[in-house]
Amino acid sequence: DGTVRHVACGLHHTLAVAWEPKAGAYDAPGDAIALTARLYAWGFGDGGRLGTGEVSGACRFPARVLLPVEYGYDAADDAPRPHVVAAAAGDQHSLALLTDGRVFAWGSNAFGQLGLGRASAQAVPLPERVGGAGRRGKVVKIAAGARHSGCVSEDGGVLLWGFGDEGQL
């Protein structure tokens, strides 16, 4: 059971950030429950826009999107792990923002809208880190348009990438 804290709607897909009890957490009288945020996606998955590894078909129910920082997660580790705080959905791509300011992207990258330093006709079906997103400091907001994306850093700097032929960058 979780509480949805953020939702993003793309052309044919939806993303949601849900706060859920952390593995091993329990509710003893007077104890706070440890929570962690998880990202879910559903809808039309063509082009890898859901981030689940699938590149075609529809997903009618929320499926977990595993971000690279979650691989090998050890619930016994007391160190705070970065977790997802926001998501953005474009026409055929998606973004996630973590508490530490890192940004991850997946889906269609035909116009460089994933910010991976390259445009490609091949879909990116799993989240990859957007390397240049933190050039101006910690990222605090993300956005996705139809074929472009952007972020805002804590100092108010704006970085945009992707299709810019109509002046949107």
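The following dialogue between a trainee and a mentor examines a predicted model of one protein chain.

Trainee: What makes up the secondary structure of the chain?

Mentor: The chain has 0 helices and 11 strands. Read from the N terminus, the order of elements is β-β-β-β-β-β-β-β-β-β-β.

Trainee: How much of the chain counts as buried, and what area does the chain expose?

Mentor: Of the 169 residues, 39% count as buried. The chain exposes about 8,800 Å², and carbon and sulfur atoms supply 52% of that area. As for contacts between residues at least 6 apart in sequence, 43% of them join residues at least 24 apart.

Trainee: Which strands form the sheet that contains strand 1, and in what order?

Mentor: That open sheet has 4 strands in the order 1-2-3-4, with antiparallel pairing.

Trainee: Why are strand 1 and strand 4 said to stand at the edges?

Mentor: Strand 1 (3-9) and strand 4 (58-65) each have a single partner strand, so one side of each is left without a neighbour in the sheet. Neighbouring strands in this sheet are turned against each other by 20 degrees on average, direction ignored.

Trainee: How do you know that strand 2 and strand 3 are paired?

Mentor: Two strands pair if there are at least two bridges between them. Strand 2 (residues 13-21) and strand 3 are joined by 9 bridges and run antiparallel, so the criterion of at least two is met. One example is Leu15, whose bridge partner in strand 3 is Ala41.

Trainee: What joins strand 3 to strand 4?

Mentor: Strand 3 (residues 35-44) is joined to strand 4 by 5 bridges, and the two run antiparallel. Tyr40 has Arg64 of strand 4 as its bridge partner, while Leu39 stands opposite Val65 in strand 4.

Trainee: What makes strand 3 mostly covered?

Mentor: Of the 10 residues in strand 3, 7 are buried. A residue is called buried when its relative accessible area is under 20%.

Trainee: How many residues of strand 6 are buried, and which way do they point?

Mentor: Strand 6 (residues 93-98) is also described as mostly covered, with 6 of its 6 residues buried. His93, Leu95 and Leu97 point one way from the strand, whereas Ser94, Ala96 and Leu98 point the other way. Residues on both sides of strand 6 are therefore buried, each with under 20% relative accessible area.

Trainee: Which strands pair with strand 6?

Mentor: Strand 5 pairs with strand 6 in the antiparallel sense over 5 bridges, and a hairpin of 3 residues joins these two strands. Strand 7 (residues 103-109) likewise pairs with strand 6 in the antiparallel sense, over 5 bridges. Ala96 takes part in both pairings: Ala96 is the bridge partner of Ala87, and Ala96 stands opposite Phe104 in strand 7. In the hairpin of strand 6 and strand 7, there are 4 residues between the strands, and Gly101 takes a positive phi near 90 degrees.

Trainee: Why is Val85 called partly exposed?

Mentor: Val85 lies in strand 5 (residues 84-89) and has a relative accessibility of 35%. Partly exposed covers values between buried, under 20%, and exposed, over 50%. The value for Val85 falls in between, so Val85 counts as partly exposed.

Trainee: Which residues are in contact with Val85, leaving aside its neighbours within four places in sequence?

Mentor: Val85 is in contact with His6, Val17, Leu97, Leu98 and Thr99. In addition, Val85 and Arg38 are 47 residues apart in sequence and 8.6 Å apart in space, C-alpha to C-alpha.

Trainee: Why is Val158 called exposed?

Mentor: Val158 lies in strand 11. Its relative accessibility is 54%, and exposed means over 50%, so the term applies to Val158. Val158 also belongs to a nonpolar surface patch with Leu160 and Leu169, and together they have about 250 Å² of accessible area.

Trainee: Where does strand 11 stand in its sheet, and why?

Mentor: The open sheet has 3 strands in the order 9-10-11, with antiparallel pairing. Strand 9 (139-144) and strand 11 (158-162) stand at the edges, because each has a single partner strand. Neighbouring strands here are turned by 15 degrees against each other on average, direction ignored. Strand 10 (residues 148-153) and strand 11 are joined by 5 bridges, and Gly150 stands opposite Leu160 in strand 11.

Terms used: Residues are numbered from 1 along each chain as its sequence is written. This is a predicted model: local features need pLDDT of at least 70, side-chain atom pairs count only at pLDDT 80 or more; totals for chains, interfaces and linings use all residues. Side-chain values use heavy atoms; hydrogens and water are left out. Axes are lines fitted to C-alpha atoms, for helices over the stretch in contact, and angles run from 0 to 180 degrees between N-to-C directions. Buried means under 20% relative accessible area, exposed over 50%, partly exposed in between (1.4 Å probe, protein chains only). Contact means heavy atoms within 4.5 Å. Patches are made of residues with over 30% relative accessible area and no salt bridge: like charges are joined within 9 Å, nonpolar side chains (Val, Leu, Ile, Met, Phe, Trp, Tyr) within 5 Å. Accessible areas come from the Shrake-Rupley method with a 1.4 Å probe; for residues, only the protein chains shown count as cover. A salt bridge is a side-chain nitrogen of Lys or Arg within 4 Å of a carboxyl oxygen of Asp or Glu.
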